[in-house]
Amino acid sequence: MRLSDRSSHRILAVQASIPAAGRRLGQFTGALAVSALLALGLSGCGSMKPVRYYQLTHPPTSTLPGSPSTVDVSLLVRPFQTSHLYREDRIVYGGEGEQVGLYAYDRWVEPPVEMLQDALTRGLRSSGHFKHVTTLRSDNAVDFSLTGHLYAFREVSAGGIVARVYFDVELIDLKLGKAVWRHTYNHDEPSRGKTVADIAAAMDKNVQLSVQKVHDGVLQALANYSSK
């Protein structure tokens, strides 16, 4: 091989080594970037707040003095209509104005509209004053349906902190397709404190009161309706 050929060979070898070195440097830099991102991710995970969930209790309802003891009817408790806010599990707060917000790390175990349906179903069923209480639309044995519209299920701050529950409800004779009883429940239950846990406790008490009101109203309405 001539001298010029050997020189050309060495130059080509050096040129070929440059991209390889560049690739190794790029790989090293990429590895550092990935490590940095992982470190940031891990540190971010360590600082994340845990999500807290709250649920309602369902004590049995009682009968007011003078109310009929039982009625021989079956009830279907339908899901209430409501806005998308109460179809999710986030806890809603706000004032008396139009603006509302959602807590980031505090949630209900179920969407409020589902919790209300469950509370009404369990309360009416546990009272023992009705032949059958269900949520299954396919049940052909039901005589009356209970449905309504949920307007508010949220914390309200206006001179104090309260848990607001506001809904319309109606009882429908399924055979005749007509409403035999309507009622509006709108109550603010004062909170004992300012924490979300305090609000959840006040909301629990408010829902219990609403179930008792609906129970007594349905029981009396059915007693009057059957006597006509």
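**Exercise 1. A hairpin**

How many residues lie between S6 and S7 in their hairpin, and which residue in the turn has a positive phi?

Solution. The model is predicted.
Step 1. In the hairpin of S6 and S7, 3 residues stand between the strands.
Step 2. The turn contains Gly-159, and its phi is positive, about 80°.
Step 3. The two strands run antiparallel and are joined by 13 bridges. One of the residues in this pairing is Phe-144, whose bridge partner in S7 is Asp-173.

**Exercise 2. The order of the elements**

State how many helices and strands the chain has, and give their order.

Solution.
Step 1. The chain has 3 helices and 8 strands.
Step 2. Starting at the N terminus, the order is α-β-β-β-β-α-β-β-β-β-α.
Step 3. Consider next the contacts in the chain with a separation of 6 or more: 70% of them are between residues 24 or more positions apart.

**Exercise 3. The partners of S6**

Find the strands that pair with S6 besides S7, and give the direction of each pairing.

Solution.
Step 1. S2 and S6 run parallel, with 3 bridges between them. Leu-76 is opposite Ser-145 of S6.
Step 2. S3 also runs parallel to S6, and this pairing has 2 bridges. Tyr-93 has Glu-155 in S6 as its bridge partner.
Step 3. Now count the burial of the strand. S6 has 14 residues and 11 of them are buried, so S6 is largely enclosed by the rest of the structure.

**Exercise 4. The partners of S4**

Describe how S4 (residues 100-108) pairs with S1 and with S3.

Solution.
Step 1. S1 covers residues 52-54 and runs parallel to S4, with 3 bridges. Within this pairing, Arg-52 has Asp-106 of S4 as its bridge partner.
Step 2. S3 covers residues 90-94 and is antiparallel to S4, with 4 bridges. Here Arg-90 is found opposite Arg-107 of S4.
Step 3. S3 and S4 make a hairpin, and 5 residues separate them.

**Exercise 5. Helix H2 and Thr-121**

Compare the length of H2 with the expected span, then decide whether Thr-121 is buried or exposed.

Solution.
Step 1. From first C-alpha to last, the 16 residues of H2 reach 22 Å. This is close to the expected 22 Å at 1.5 Å a residue.
Step 2. Thr-121 belongs to H2, which spans residues 112-127. Its relative accessibility is 3%. The cut-off for buried is under 20%, so Thr-121 counts as buried.
Step 3. Apart from neighbours within four places in sequence, the contacts of Thr-121 are Val-77, Val-133 and Thr-135.
Step 4. Other buried residues of H2 include Met-115, Leu-116, Ala-119, Leu-120 and Leu-124. The elements against which the buried residues of H2 pack are S2, S4, S5, S6, S7 and H3.
Step 5. After H2 comes Gly-128, with a positive phi near 75°.

**Exercise 6. The nonpolar core**

Give the number of residues in the largest nonpolar core, and name the element that supplies the largest share.

Solution.
Step 1. The core has 42 residues. Among those with the most contacts inside it are Leu-75, Trp-108, Phe-130 and Phe-153.
Step 2. Several elements each supply at least two residues, including S2, S3, H2 and S5.
Step 3. H3 gives the largest share, 11 residues.
Step 4. Look at Trp-108. Setting aside neighbours within four places in sequence, its contacts include Tyr-53, Ile-91, Met-115, Phe-153 and Met-203.

**Exercise 7. Aromatic pairs**

Classify the ring pair of Phe-80 and Phe-167 and that of Phe-144 and Tyr-225.

Solution.
Step 1. There are 6 aromatic pairs in the count. Planes over 60 degrees apart count as edge-to-face.
Step 2. For Phe-80 and Phe-167 the ring centres are 5.7 Å apart and the planes are at 70°, so this pair is edge-to-face. Phe-80 is in the loop between S2 and S3, and Phe-167 is in S7, 87 residues apart. Both Phe-80 and Phe-167 are buried.
Step 3. For Phe-144 and Tyr-225 the values are 5.9 Å between centres and 80° between planes, again edge-to-face. Because Phe-144 is in S6 and Tyr-225 in H3, this pair ties together parts 81 residues apart in sequence. Phe-144 has a relative accessible area of 7% and is buried.
Step 4. Phe-80, Phe-167 and Tyr-185 form a cluster linked by ring pairs.

Conventions
Residues are numbered from 1 along each chain as its sequence is written. This is a predicted model: local features need pLDDT of at least 70, side-chain atom pairs count only at pLDDT 80 or more; totals for chains, interfaces and linings use all residues. Side-chain values use heavy atoms; hydrogens and water are left out. Buried means under 20% relative accessible area, exposed over 50%, partly exposed in between (1.4 Å probe, protein chains only). Contact means heavy atoms within 4.5 Å. Two strands pair if DSSP finds at least two bridges between them. A nonpolar core is a set of buried Ala, Val, Leu, Ile, Met, Phe, Trp, Tyr and Cys residues joined through side-chain atoms within 4.5 Å. The expected span of a helix is 1.5 Å times one less than its number of residues. Rings of Phe, Tyr and Trp (its six-membered ring) pair if their centres lie within 6.5 Å; planes under 30 degrees apart count as stacked, over 60 as edge-to-face and the rest as tilted.
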